[in-house]
Amino acid sequence: MSGPALAVLAEAAGLTRGVGLIFPSVTGRPLSDSTLSKLFRENAIGCVPHGLRSSFRDWCAETGVSRELAERALGHTVKNPVEAAYSRTDLLEARRPLMKAWSDYLT
């Protein structure tokens, strides 16, 4: 993870109230899928959470990141069962510098 992401997690660790979640809701349960959208809307952030994923994918395409690496970074799986049988890597080591570059681009 990038330095800024690790800093967010370190700060969040002190706010978790021991419930075992990184970003728990006020009730201590997992956040709902609409919580981030609401947060973005209320703070006049001109995008939506899924848009960040889409922006990442476009940035990968525009900066020459391979399709396979971009898809793995997004957590997508290979749907074709024959191709999936031969595609066993998570490309973790290749994803490290990619996510650092994305973090640098965002900040």
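A contact, as I use the word here, means heavy atoms within 4.5 Å.

**Entry 1: contacts along the chain.** I am working with a predicted model, and I keep that in mind throughout. I began with contacts between residues at least 6 apart in sequence, and I found that 28% of them join residues at least 24 apart.

**Entry 2: the elements.** Which kinds of element does the chain have, and how many of each? I counted six helices and zero strands. Reading from the N terminus on, I wrote the order down as α-α-α-α-α-α.

**Entry 3: overall dimensions.** Next I looked up the radius of gyration, which is 17 Å for this chain, while a compact globule of 107 residues would have one near 13 Å. I also noted the span of the C-alpha trace along its principal axes, about 45 × 30 × 25 Å.

**Entry 4: surface and burial.** How much of the chain counts as buried? I got 18% of its 107 residues. For the accessible surface of the chain I have about 8100 Å², and carbon and sulfur atoms hold 59% of that.

**Entry 5: a nonpolar patch.** On the surface I came across a nonpolar patch of about 350 Å². Its makers are Val8, Ile22, Phe23 and Leu31. I picked Phe23 for a second look and found it in the loop between helix H1 (3-13) and helix H2 (35-42). Is Phe23 buried or partly exposed? Its relative accessible area is 44%, so Phe23 is partly exposed. That value also fits the patch rule, because a patch residue needs over 30%.

**Entry 6: Ala44.** Then I turned to backbone angles. Phi of Ala44 is near 50°, and I marked this positive value since the residue is not a glycine. Where does Ala44 sit? I found it in the loop that lies between H2 and helix H3 (49-62). With a relative accessible area of 70%, Ala44 is exposed, because the cut-off for that word is over 50%.

**Entry 7: Leu91.** Leu91 gave me another positive phi, about 55°, and it is not a glycine either. I traced Leu91 to the loop between helix H5 (81-86) and helix H6 (92-106). Why does Leu91 count as partly exposed? Its relative accessibility is 25%, and buried would mean under 20%.

**Entry 8: what I keep in mind.** My picture is of a chain with six helices, a nonpolar patch that includes Phe23, and positive phi values at Ala44 and at Leu91.

Technical notes
Residues numbered from 1 in each chain as written. Predicted model: local features only at pLDDT ≥ 70, side-chain atom pairs only at ≥ 80, totals over all residues. Heavy atoms only, no water. Patch = residues over 30% accessible without salt bridge, like charges linked within 9 Å, V, L, I, M, F, W, Y side chains within 5 Å. Areas by Shrake-Rupley, 256 points an atom, 1.4 Å probe, with all protein chains shown as cover. Salt bridge = Lys/Arg side-chain N within 4 Å of Asp/Glu carboxyl O. Helix = DSSP H or I, 4+ residues; strand = E, 2+ residues; numbered from the N terminus. Buried < 20%, exposed > 50% of the residue type's maximum accessible area, 1.4 Å probe, protein only. Rg over C-alpha atoms; globule rule 2.2 N^0.38 Å.
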